[in-house]
Amino acid sequence: MLETEELKKVFKGKTAVEGASLYIDKGESVGLLGPNGAGKSTTISMISTLLKPTAGDVRLNGKSVIKNPAEMRKVLGVVPQEIALYAELSAYENLKFFGRIYGLSGKQLETAIQQALALVGLKERQKEIVKTYSGGMKRRINIAAAMMHEPEVIIMDEPTVGIDPQSRSHILEMVRKLNKEKGLTVLYTSHYMEEVERLCDRVYIMDHGKIIASGTKDELKSILSSEETVLIELDRPYPEFFKELQSLDTIKQASETEKGIKLILPKGSRVLGQVFQASERHQVQIINVNVQTPSLEDVFLHLTGRKLRD
Amino acid sequence: MFTFLKKDILILIRDRTELAILLGMPFILIAILGFALSGVLSGNTEVLSMEVAVVQEDDEQQGLVRFEEKLADSGMPAPARQGIMASAAESSPASLLQEVLNDEGLKELVVATEMDATSAKAALEEETVVAILTIPENFTFDALQKMIMDEGNGSSLQLMIAEHAATQSEVFHNIVEEFVWSLNFESAIAKAANGENVLPEAGQTQVGGVESVSSVNPINSFQYYTIGMAVMFALFVAATISGMAYVEKTQFVFQRILLSNHHPLVYLGGKAIAATLVTFLQFCILFFLSSLIFGAFDLSEGPFWLGILLITASLALCVGALTALLTAMTMRFGNDTITTVFSGGVVTIFAFLGGSFTPTAGLPAIVQQLGGWTPNGAALNAFLIWVQNLDMGMLFEPLGRIALLTVVLLSLSVMILPRKGEA
């Protein structure tokens with residue numbers, strides 16, 4: 001349905017995106033992962049026809065939309081990272097405005113407003129001024145505004161940033177329903193790996209303006225299929241102990257976590273003995289050791305050398 | 001476009017801070033400046049009104065007889081002599097001076113009382129008069145002899161002014177000086193024209209400032225500052241509405257509008273029309289409240305208000321165009337520095353040049369010229385011409401400037417605005 005081919009964007013001599021090729025089938029939910037500055041927003045802006053690529057193409061159903069963005073805009077809904085609403089207007093007035101600019105009027109407009117409000121669960125508070133809403137409510141109206149013209153494709157750029165767990169859960173469930181029950185095609189970016197794992201069928205991983213990996217969740221995890229993750233919980237940080245683990249050849253990757261250290265090791269490697277010996281040397285108090293199969297987060301760390309929220 | 005217009009107006013109405021700036025602030029300034037400077041503007045003649053003493057030592061009739069005899073002695077043909085005498089009798093300098101002093105328009109300013117020299121001196125000492133104008137002996141004969149025959153040394157009026165009322169006595173001095181200059185000037189022209197129309201006709205004597213006072217409706221301080229503040233704060237409408245555009249851009253709302261397949265020009269048009277409408281309403285509210293509370297203008301004069309609305313509409317359109325330019329620049333450069341600089345500095349400079357704080361008549365010519373090319377300055381001039389009931393032909397210049405500025409600003413905004421896909 002939607003595909004990009006070798007997209008490239010250069011700003012003042014600096015390459016923000018290079019050779020980004022991706023595709024999304026109708027009704028699919030695709031995640032776009034990458035740390036800050038990876039080029040996700042630039043890629044989304046080019047797909048949305050808001051930014052002209054320096055090179056490459058964006059195609060909708062096989063037709064280029066670079067020179068004719070109108071076709072893409074008809075079927076596209078964008079939920080930006082920003083709260084793209086008028087804070088001085090009520091939720092109802094905002095939706096009315098965005099509905100009108102999409103050419104809706106009369107009963108059709110009223111129906112669309114009430115449907116969008118029902119979708120985000122804010123029908124009861126539609127007459128309140130947006131600036132009085134909580135962060136989560138604003139995010140929900142932000143999504144409703146993008147849904148007014150019943151788009152076929154929706155691009156969501158980190159739609160759950162900075163909100164409470166309850167609103168976040170509501171939004172995720174809403175996106176899942178839109179995708180699974182109404183067949184809406186979704187391109188979703190997030191800093192939260194669990195959101196992407198929960199919502200998306202396939203994932204693209206971006207770093208330094210390039211797509212460095214793609215596939216289904218299982219395909220991506222299979223990158224680390226010959227490896228396993230060991231989580232070592234400690235009573236406090238031990239920098240010297242961590243340095244020694246990093247220097248061990250059998251450990252592929254060592255990183256510090258909130259509670260201790262995370263190691264990625266070749267499956268079946270008998271390295272735990274060395275770990276315990278080192279802990280004794282450095283008088284480290286180990287609270288717990290947990291061996292896991294790799295997650296998408298581990299794949300991301302393995303590919304980029306960075307955590308998603310770095 | 002109506003959707004954009006409605007949205008902008010709704011947002012503005014809900015924003016109390018902006019409303020206070022656009023409506024509350026000018027109204028407060030009108031009140032402060034109107035009361036504080038009520039005596040400075042020419043409309044309030046009470047503080048300048050004065051009594052003067054006129055000491056008449058000249059016998060006009062005797063002077064005319066002597067002048068007739070002088071003409072007869074000169075050997076001038078009888079028909080020419082008769083013509084000159086008829087004109088001299090009707091418009092002798094003494095008569096013209098009396099006419100000026102008794103002019104209806106000038107009566108509000110100057111009350112001239114004829115006294116003998118002793119009484120006049122006493123009145124000056126008692127501060128009941130601010131000046132003594134002495135028309136000396138043989139004034140009529142000496143003046144006519146010099147003006148028409150270019151003989152003798154002419155004559156001069158004697159003016160004694162008081163120190164206790166410097167401003168009033170200075171004004172009276174200027175009136176007399178203007179009269180004398182005018183008389184000498186017209187005599188010189190008459191001589192250059194080989195004696196035709198030797199003397200100025202009665203009732204047509206040009207007396208500069210005095211003439212202007214008598215032919216226009218005076219403006220009081222509340223009228224002046226209602227206009228001055230309204231034209232100044234109209235510029236803030238442009239800053240406010242274009243400032244909204246910056247917020248729309250940074251918060252992705254503008255991009256959302258672009259995604260709805262609207263051309264950026266439609267958005268720009270919405271901003272221009274919203275600013276036009278807001279400016280027009282702002283003027284209506286300020287003029288109405290100022291008339292109601294301060295009595296600035298008579299609310300019952302229909303034709304007067306029609307003219308006010310016409311000038312307001314032309315300025316409102318120009319403010320709409322200015323808003324379009326500021327919006328286009330904000331969109332092009334992606335920051336609100338332009339709007340901030342405009343509202344924080346340019347408006348004040350324009351207000352000064354345009355005469356919102358003080359009339360520019362006393363300022364250097366270059367300031368007046370620059371001010372005449374600002375939207376607020378041109379509109380202020382147009383309003384003053386209309387309020388003072390001057391020649392309506394004079395309106396073409398300021399209104400023409402406003403129209404020209406509107407076209408230029410709109411053209412620039414269309415050129416500067418980023419096109420689709422560049423958001």
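This tour moves from the meeting of two chains to the packing of helices within one of them. The structure is a predicted model, and each stop below names what to select in the viewer.

Begin with chains A and B together, and look at where they touch: 22 residues of chain A are in contact with 20 residues of chain B. On the side of chain A that touches chain B, select α2 (69–75), β6 (76–79) and α3 (91–101), each of which supplies at least two residues. Of the elements there, α3(A) gives the most, with 5 residues. If you colour that side of chain A by residue class, you will find 14 nonpolar, 2 polar and 6 charged residues.

Next, hide chain A and select helix α13 (residues 302–333) of chain B together with helix α14 (residues 337–354) of chain B, whose axes come within 8 Å and cross at roughly 145°. Show the side chains where the two helices meet: Leu326(B), Met329(B), Thr330(B) and Phe333(B) belong to α13(B), while Ile338(B), Thr339(B) and Phe342(B) belong to α14(B). This contact is made up of 5 nonpolar and 2 polar residues, with no charged ones.

Keep α14(B) selected and add helix α16 (residues 375–387) of chain B, which packs against α14(B) at an angle of about 30°, with the axes 8 Å apart. Since angles under 35 degrees count as roughly parallel, α14(B) and α16(B) are therefore roughly parallel to each other, and their crossing is right-handed. Here Phe350(B), Ala351(B), Leu353(B) and Gly354(B) from α14(B) meet Asn376(B), Gly377(B) and Leu380(B) from α16(B), a contact that divides into 4 nonpolar and 3 polar residues, with no charged ones.

Definitions and conventions:
Residues numbered from 1 in each chain as written. Chains lettered and ligands numbered in written order. Predicted model: local features only at pLDDT ≥ 70, side-chain atom pairs only at ≥ 80, totals over all residues. Contact = placed C-beta atoms within 7 Å. Helix = DSSP H or I, 4+ residues; strand = E, 2+ residues; numbered from the N terminus. Nonpolar A, V, L, I, M, F, W, Y, C, P; charged D, E, K, R; others polar. Axes fitted to C-alpha atoms, helices over the stretch in contact; angles between N-to-C directions. Parallel < 35°, antiparallel > 145°, perpendicular 65-115°, else oblique. Left-handed = near helix turned anticlockwise from the far one by under 90°.
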